[in-house]
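Hello,

Here is the structure I promised to pass on. Please open it beside this email; my notes follow below.

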Amino acid sequence: FLGRGMRALVVIDYQSDFVTGTLGSQDAVLIGDAIGSLISSYLDSGDQVFFTRDTHDPDYLDTREGRLLPVTHCVRGTPGWEICGRPGELSRDPRCRIIDKPTFGCAELMDVLKDYDEIELCGVATNICVIANAVLARTANPEARVFVRRDCVASYDRSLGEKALEVMGSLQVEIL
C-alpha cells in the first residue's frame with residue numbers, strides 16, 4: 001500500500017451511444033444512478049474523478065476497430081459521444097477530468113493513475129473497455145488497490161460481462 005491515501009474514481013465511457021444508443025443496453029441505463037452517487041461520494045471526499053470518453057472520427061468504419069466492430073459510435077461532437085445522465089451532469093464539475101481515448105484502453109490514464117493508492121473503475125462495457133482499463137490501472141500502479149463494484153458496471157452482453165469480472169478478479173482486481 002502506498003500510504004498517501006490518494007483515491008481515484010475512473011468512470012469508463014458512460015456515453016449516450018453505450019447507454020441508450022447504438023451499443024446501449026438496459027443494464028447500462030440502470031447503473032447510471034449508482035455511478036452518479038459514486039461520483040458524488042468521491043467529489044464530496046475531495047478525491048479525484050476521471051472520465052474516459054470513447055472518441056472516434058467520422059472515418060471510424062475504415063479503422064481496424066471499425067472493420068471488426070462495424071457499428072458507428074461515439075463520433076466526436078455527436079450526441080452519442082456525450083457523457084450522459086447524472087454522470088454527464090457531474091462530469092461538468094471543474095474538479096473532474098475527461099480524457100478522450102481512441103480505443104479500448106487509455107494510455108493517458110496509465111500516466112495519471114500511477115500516484116493513487118486506490119483506483120476504482122465503473123462504467124461500460126465490462127467486457128471491453130472496463131477490463132482493458134482495469135488491466136492498465138493494475139499495470140500503471142501494481143501496489144494500488146484496484147477495484148470494481150459489480151453494480152456499477154454493465155455490458156451489452158451479461159454473460160461476457162460476468163466472465164470479464166471473473167478475469168479481472170484473477171488479475172487481482174477486487175470485485176465488490
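**Cysteines without partners**

The sulfur of Cys 96 lies 11 Å from the closest cysteine sulfur, that of Cys 122, which is too far for a bond. Keep in mind that this is a predicted model. Cys 96 is buried, because its relative accessibility is 12% and the cut-off for buried is under 20%.

Cys 106 tells a similar story. Its closest cysteine sulfur is in Cys 129, at 9.9 Å, again too far for a bond. Cys 106 also counts as buried, at 2% relative accessibility. A disulfide is a covalent bond between the sulfur atoms of two cysteines. For a pair to count here, the sulfur atoms must be within 2.5 Å. How many disulfides does a search of the whole structure find? Zero.

**The sheet**

Now the strands. Six of them form an open sheet, and the pairing is parallel. The order is E3-E2-E1-E4-E5-E6. Strand E3 (96-101) and strand E6 (174-175) are the edges, each pairing on one side only. Strands of a sheet pair through backbone hydrogen bonds, either parallel or antiparallel.

Look at E2 (residues 48-54) in detail. E2 pairs with E3 in the parallel sense, over six bridges. Two residue pairs help to locate this pairing. Val 49 stands opposite Cys 96 in E3, the cysteine discussed above. Arg 53 has Asp 100 of E3 as its bridge partner.

E2 also pairs with E1. These two strands run parallel and are joined by five bridges. Val 11 has Phe 51 in E2 as its bridge partner.

Is E2 enclosed or open to the outside? Six of its seven residues are buried, so E2 is largely enclosed by the rest of the structure.

**Helices on the sheet**

Two helices are worth a look here. Helix H3 (residues 32-44) lies across five strands: E1 (7-12), E2, E3, E4 (118-124) and E5 (145-154). H3 runs at about 155 degrees to E1.

Helix H8 (residues 158-170) packs on the sheet as well, touching E5 and E6. The direction of H8 makes about 170 degrees with that of E5.

**Backbone points to check**

Three loop residues deserve your attention.

- Ala 125: a cis peptide bond joins this residue to Val 124, with omega at about -20 degrees. Ala 125 lies in the loop between E4 and helix H7 (126-140).
- Asp 13: phi is near 50 degrees, a positive value in a residue other than glycine. Asp 13 lies in the loop between E1 and helix H1 (16-19). Asp 13 is buried, because its relative accessible area is 0%.
- Cys 74: phi is near 50 degrees here too, again positive in a residue other than glycine. Cys 74 lies in the loop between helix H4 (64-68) and helix H5 (85-91). Its relative accessible area is 0%, so Cys 74 is buried.

**In brief**

The sheet is open, with six strands in parallel pairing. E2 is largely enclosed. The whole structure has zero disulfides. The peptide bond between Val 124 and Ala 125 is cis. Asp 13 has a positive phi, and Cys 74 does too.

Best wishes

Definitions and conventions:
Residues numbered from 1 in each chain as written. Predicted model: local features only at pLDDT ≥ 70, side-chain atom pairs only at ≥ 80, totals over all residues. Heavy atoms only, no water. Pairing = 2+ DSSP bridges. Helix = DSSP H or I, 4+ residues; strand = E, 2+ residues; numbered from the N terminus. Contact = heavy atoms within 4.5 Å. Axes fitted to C-alpha atoms, helices over the stretch in contact; angles between N-to-C directions. Buried < 20%, exposed > 50% of the residue type's maximum accessible area, 1.4 Å probe, protein only.
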